[in-house]
Amino acid sequence: MTETFYEVMRRQGITRRSFLKFCSLTAASLGLGPAFAPKIAYAMESKPRIPVLWLHGLECTCCSESFIRSAHPLAKDVVLSMLSLDYDDTIMAAAGHQAEAIVEEVVEQYKGNYILAVEGNPPLNEDGMYCIIGGKPFVDQLKYAASNAKAIISWGSCASWGCVQAARPNPTRATPVHKVPGLPNKPIIKVPGCPPIAEVMTAVITYILTFDKFPELDRQGRPKMFYSQRIHDKCYRRPHFDAGQFVEAFDDEGARRGYCLYKVGCKGPTTYNACSTVRWNGGLSFPIQAGHPCIGCSEDGFWDKGDFYNRLTTVQGFGVEADADKIGATAAAVIGAAAAAHAAVSVVKRIRDKGGNS
Amino acid sequence: MSATQTPHSEEAVYVYEAPLRLWHWVNAFAILTLAGTGYLIGSPPPAVGGEASSSFLFGWIRYLHFVAGYVLIVGFAFRIYWVFAGNSHARQIFLPPVWKGRFWKELWHEVLWYAMLVSEPMKYSGHNPLATLAMHLLFVWFTIFMIVTGLALYGEGAGMGSWQNDLFSSWVIPLLGQSQDVHTWHHLGMWVIICFVIIHIYAAVREDIMSKQSIISSMFSGWRTFRGNGAPPDAH
């Protein structure tokens, strides 16, 4: 039997007072009431640490980079005291066969009792040969590791939606985790973002470990507590949006005055994420605060929606690229011209017919 | 000259009942408002300066769009009620008899009339088959599409737990991809409706002049009058 969270923390010299403080802080950061602090404490005192396998497929490691910058709770607290991160090839000490052996060990020893966290996704073309881990296609490792998992966490936009490697034309057929054919049927939680916010990642893990279940998910499998509102809904530049005060170009007066970035392509109104509330780097800032429009990195297929700096999406088809306005205005102009031409012909015909009658 | 003219005769049929006429014009103004404000929501007017507290321009544009949207929805709901409560003409654009061979034959005649290959159109107290089909496809279905996508977009702002979000956003957004895609489809839908409006107005004006039956004034008075050789067989 593995140690409980509490035992591990005590072994590391953390006092009970500090432990209880930690529980209260965790409850607060999860948005739970004070009554939940003792529940968290009880859970951590009585439950064994759950092993976590953290796999890496086609990805850029930005999720890991984000994760280790978590401030509330600190990533070190999560990694060292809260979860038993048994395998994560980018931050673990072991390497090579030694490291790969751990995957097998966890899958066999903790049947139905470990969490599989996936960063990145598997390419399916050429039998998955575009991503090889330990000499085998990643898709095989993913299916094997998922076989006995209690649940799967899809870290980031890669695992959740596909992200850049799945952007058109997706030559390797990179496929998000929930769409991998033959994947054992396990509950999947999506934590999209490129990368997801550090505090969102640690909070999701803390929640799962503490309550032994997923936080409430929306219809697309994202935790509601962080993905139920758009960047736009809580944006501090929202008053400028409602006032009609927009940045027209990045060097204009509006940009200097911090106006709304809607007209330079901000995807805040169509992006579900917590950037405008939780923010980044310990609550320091987020893209819009730094003067750049949101690119919608936590949304499905955000690479294929055209220019990041245009409000209207580029629509592909018929070998041309145009936005909705260009397509629509062209159609309306053609129909208008056709109506005018038809009217002209009608008039000519009517005059001719009358001329013939009289 | 006057000797060659046929004697002026007029017959009239009561086609559009008062509630339906009222709906038509309310709906027309709602669409006009929705298209105008909708276009501006996609491509906002030049930025206003000053402090955010001194202006609510974009807020008003969006507010107008939402109000006009609800007017259109309530009107459309009434229009569907009127399919059952109104006269037989009220059912026409909702249930085109596509299963009848005659419908398609007469529709072809109407196509030939617009191609100027036949000298006389057939007369109808209601819509001709081509108009019926165009209104059914471009107006009825695209209005439903705009209502559904529109409520889905409204539900995003109204937030989780709102009826717009529960009934529309929750399934429309994943169905079409993501929020941005719903915006794009809603935007394209606007242009379909604009194209329909162009065709609708042109055809109404042309038929009023050329097919010897009243079209435009009928939507004000409710009566369709026929000039020349009498009312169509379906008028009695």
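Here is a chat between a colleague and a modeller about this predicted model.

Colleague: Let's start with chain A. In what order do the strands of its open sheet come?
Modeller: The sheet has five strands, and the pairing is parallel. Going from one strand to the next, the twist averages 20 degrees. Read across chain A, the strand order is 2-1-3-6-7.

Colleague: Which strands of chain A stand at the edges of that sheet?
Modeller: Look for strands with a single partner, so that one side has no neighbour in the sheet. In chain A that picks out strand 2 (84-88) and strand 7 (188-191).

Colleague: Moving on to strand 3 of chain A, how many bridges join it to strand 6?
Modeller: Strand 3 covers residues 115-119 and strand 6 covers residues 151-155, and the two run parallel. You can spot some facing residues: A:Ile115 is opposite A:Ala151, and A:Ala117 is opposite A:Ile153. The number of bridges joining strand 3 to strand 6 of chain A is five.

Colleague: And which residue of strand 3 of chain A is the bridge partner of A:Leu55?
Modeller: Strand 1 and strand 3 of chain A also pair in the parallel sense, over five bridges. In strand 3, the partner of A:Leu55 is A:Val118.

Colleague: Is strand 3 of chain A covered on both faces, or left open on one?
Modeller: In a regular strand the side chains alternate between the two faces of the sheet. On one side of strand 3 of chain A sit A:Ile115, A:Ala117 and A:Glu119, with A:Leu116 and A:Val118 on the other, and all are buried. That fits the count of five buried residues out of five. So strand 3 of chain A is covered on both faces.

Colleague: What angle does helix 6 of chain A make with strand 2?
Modeller: Helix 6, residues 96-109 of chain A, packs on the sheet. There it touches strand 1 (51-56) and strand 2 of chain A. Its direction and that of strand 2 of chain A make an angle of about 130 degrees.

Colleague: Which strands of chain A does helix 9 lie across?
Modeller: Helix 9 is made up of residues 198-211 of chain A, and it runs at about 155 degrees to strand 7 of chain A. The strands of chain A that it lies across are strand 3, strand 6 and strand 7.

Colleague: How many of the 14 residues of helix 9 of chain A are buried?
Modeller: To count as buried, a residue needs 20 or more other C-beta atoms within 10 Å of its own. Helix 9 of chain A is largely enclosed by the rest of the structure, because its buried residues number 13.

Colleague: Which residue takes a positive phi just after helix 9 of chain A?
Modeller: The helix itself reaches 20 Å from its first C-alpha to its last, close to the 20 Å expected. Just past helix 9 of chain A, a phi of about 60 degrees turns up at A:Asp212.

Colleague: How far apart are the centres of domain 1 and domain 3 of chain A?
Modeller: The domain assignment puts domain 1 at 50-226, domain 2 at 231-311 and domain 3 at 321-357 in chain A. Taken over C-alpha atoms, the centres of domain 1 and domain 3 of chain A are separated by 58 Å.

Colleague: Now the two chains together. Which element gives the largest share of the side of chain A that touches chain B?
Modeller: Contact involves 46 residues of chain A and 37 residues of chain B. Helix 11 (238-243) and helix 14 (324-357) of chain A are the elements giving two or more residues to that side. With 15 residues, the largest share comes from helix 14 of chain A.

Colleague: What about chain B: how many helices and strands does its secondary structure come to?
Modeller: Along the sequence, chain B follows the pattern β-α-α-α-α-α-α-α-β. That comes to seven helices and two strands.

Colleague: Last one: does B:Ser162 count as buried or partly exposed?
Modeller: B:Ser162 lies in the loop between helix 4 (129-158) and helix 5 (163-176) of chain B. Buried would take 20 or more C-beta neighbours within 10 Å. With 15 C-beta neighbours inside 10 Å, B:Ser162 counts as partly exposed.

Technical notes:
Residues are numbered from 1 along each chain as its sequence is written. Chains are lettered from A and ligands numbered from 1 in the order in which they are written. This is a predicted model: local features need pLDDT of at least 70, side-chain atom pairs count only at pLDDT 80 or more; totals for chains, interfaces and linings use all residues. Two strands pair if DSSP finds at least two bridges between them. Helices (H or I, at least four residues) and strands (E, at least two) are DSSP runs, numbered from the N terminus. Axes are lines fitted to C-alpha atoms, for helices over the stretch in contact, and angles run from 0 to 180 degrees between N-to-C directions. Two residues are in contact if their C-beta atoms, placed from the backbone, lie within 7 Å. A residue is buried if 20 or more other C-beta atoms lie within 10 Å of its own, exposed if 12 or fewer, and partly exposed in between; C-beta atoms are placed from the backbone. Domain bounds come from an automatic or database domain assignment. The expected span of a helix is 1.5 Å times one less than its number of residues.
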